[in-house]
Amino acid sequence: MIIVGGGLSGLSAAITASEQGLDTLVLEKGRTLGGNGNYVEGAMGVDSDLQKQANINISKTQLLQDELAYSHYEASAPHLKKLIDSSGQVINWLAELGVKFSKVGGQGKSWPTVHSFAGGGYAAVQLLAKKAQEAGIEFATSISAQEIKQQNGHIRGLSVMNEVTGQMRDLVCNNVILATGGYADNAELIKKRTPFYQKLMTVSNGKATGDGMQLAWDAGAQHYQMGAIQYGGGAIYDKTQPAFVHMSSQLAAAATQEAILWVNERGERFVNEDVNDNMCHAGSAILTQARVFSILDQTAVDHLTEVGLYKEVGNSPVSPEKLATLRQEIKHDLDTHQKYLTQADTVVGLAEKLNLSNLPSTIEHYNSDVEAGCDVDYGKDPQYLTAVKDGPFYAVELGVGMACALGGIRVDNNSEVLNRYGYPISGLYAVGNDAAGMLVGDTYAVTLPGSTAGYAAFSGRNAVLTISRRAAN
C-alpha cells in the first residue's frame, strides 16, 4: 500500500496500517512531514472520553440534521453520519497513542466538539510521525506521485518523481491512498472556485496544490463539487508578507476578533461585526465589499491592552485575557510604514487619508446606537457595542485568510474514490482535505469545530481499515 502525503490524514493512515500489519510506504513531496496538520488547533469528536469527563452530551441525530441544513444538504448524509458516529473513538485512539489535549468544548457559536491539541497541531503530528517511524513505516520525502497505474480496472502502482533530481520511477502496489491536503495552494483552481481570489491570503505550507484531485481525475474519478474554502474570517490585508506572519498578531485580533466597527471602501458599515463568531461567514461578508477596514480608537486600544477583551476570541479554542502588546505592535507598524495600518488624529483626517467619504457620518450614527444600547441597523449584541470617539483613530485593512480548500473527489463510506457512475475505482482511496468536500456545501462548517482535523484522522484510519478488512477476506 502507498499513501500519498505525510500530513495528519496520511500519518493517521500510516499508524493504522502498522497496527493492521500492512506493508506501507508513505510518499511526501516536501522535505518534512505533517503538512497543514502542523497548523490545526484541534480535532472534532462526539462522545469521546474527554467529553464524558466534562459532562458534554451531544445529540448525534440533531448534530447531523443541523450540519446537513448548514450545507443546504450538499453534504453526504451517510458520510457525515459515519464521521460523527466514529469521531469519539478516533479521539480516544489519538489519546491512546499519546496525543495530548488541553481543552474540549466549542468555538464561538458552535457545537462543543473541538478537542484542542496541547502544543497545537505541530505537537500532534510530530508525535504521530514518530510513532509511525518507530512502527517501521517507510517514508520517502521529496517524492511526488505523478500518475496512478491501472490494469483491468484495478490499481497496480504509481509513477513517482524525485523532486530534487527529477528522476522518474514506477512503484508497484494494489492500493493507493490519496492524502495530499486539498488545493488551497493551487491558484488556478482557487480562481475557478471563487471570483474573489485576489483578496484571499493562504495560510498553508504551500504544498496543497490539488495533486490528489488531479491524480484521481486522471484515473477516472468523478469531477465532484469543489466543496468549500475555509475562510479564516478577517485577516490583516498584507500582500508583502505570507499570511502566517500575522497569525499571532494582537493587532489582527483587535481588528478581527474584537471587531468594533467594520466599514467598506465608502466608509459605510455593512454587517453586524459579530459575524466573526463564524469565521467563514465573516470571510464571505468581507468578500462582498471592494475594501474593508476595521476601525478602532485609542480608548479601545488602551482597554484591550490594559483591561481586557470586550469579547472572547470566538475563532480559536484559546482566548487571551488581554492584548498586552497591542500598543507596541501599533507603534512598530506605524514606524515601519505598514500599508495595512493608517492612523489619524481625527475621524475626518482618517477618512481623508483613505478616501472613506462616509466614515464621519457612519461613526456618528454608530456612536448614537452605542449610546442608545441598540444597533438599529444590524442587531449587534448590545454588550459588544463599543464607541469610537477618542483619537487618535486607527484603520486596519482586512482581507480574508484561507486555511484550506476541500473537495474535488467523491468517496463512499469506505473512503473509496468513485467514478462518474458512482462506483468505486478498485484500490483507490482519498482521505483528509482531498475528500472532505463530502462534508460541506459551499461554506466550511465552523459550527462543527475541529471537523477538518477530525476528518483527517478518521478518514485516514477508515481507508486503511477497509483495506485490511478486504485483505483478510
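This report covers strand pairing, burial and internal cavities in a predicted model.

Local features are given where pLDDT is at least 70, side-chain atom pairs count only at pLDDT 80 or more, and totals for chains, interfaces and linings use all residues. Residues are numbered from 1 along each chain as its sequence is written, and side-chain values use heavy atoms, with hydrogens and water left out.

**Strand 14 and its partners**

Helices (H or I, at least four residues) and strands (E, at least two) are DSSP runs, numbered from the N terminus. Strand 14 spans residues 292–297, and 6 of its 6 residues are buried, where buried means under 20% relative accessible area with a 1.4 Å probe and protein chains only. Cover is found on both faces: V292, S294 and L296 are buried on one side, and F293, I295 and D297 on the other.

Two strands pair if DSSP finds at least two bridges between them. Strand 14 pairs with strand 13 and with strand 16. In the first pairing, L261 is opposite I295 of strand 14; in the second, F293 has E397 of strand 16 as its bridge partner. The table lists these pairings together with that of strands 4 and 5.

| Pair | Sense | Bridges |
|---|---|---|
| Strand 13 (261–264) and strand 14 | antiparallel | 4 bridges |
| Strand 14 and strand 16 (393–405) | antiparallel | 6 bridges |
| Strand 4 and strand 5 (114–117) | antiparallel | 4 bridges |

**The sheet 3-5-4**

An open sheet of 3 strands runs in the order 3-5-4, with antiparallel pairing. Strand 3 (42–44) and strand 4 (101–105) are at the edges with a single partner strand each, so one side of each has no neighbour in the sheet. On average, neighbouring strands of this sheet are turned by 20 degrees against each other, direction ignored; the axes are lines fitted to C-alpha atoms. Between strands 4 and 5, V104 has H115 as its bridge partner.

**Cavities**

A cavity is a set of points, on a 1 Å grid over the protein atoms alone, where a 1.4 Å probe fits but cannot get out; lining residues have an atom within 4 Å of a point. There are 2 cavities of 30 Å³ or more. The largest has a volume of about 100 Å³, a volume being the space filled by probe spheres set on the points.

Its lining has 16 residues, with L439, V440, A445, L448 and S451 nearest the centre. Helix 3 (60–70) and helix 14 (451–472) are the elements that give two or more residues to this lining, and helix 14 gives the most, with 3 residues. By type, the lining of the largest cavity holds 10 nonpolar, 5 polar and 1 charged; Ala, Val, Leu, Ile, Met, Phe, Trp, Tyr, Cys and Pro count as nonpolar, Asp, Glu, Lys and Arg as charged, and the others, Gly among them, as polar.

Key. Buried < 20%, exposed > 50% of the residue type's maximum accessible area, 1.4 Å probe, protein only. Axes fitted to C-alpha atoms, helices over the stretch in contact; angles between N-to-C directions. 1 Å grid on protein atoms, 1.4 Å probe; cavity = no way out; pocket = protein on both sides within 12 Å on 5 of 7 lines; lining within 4 Å.
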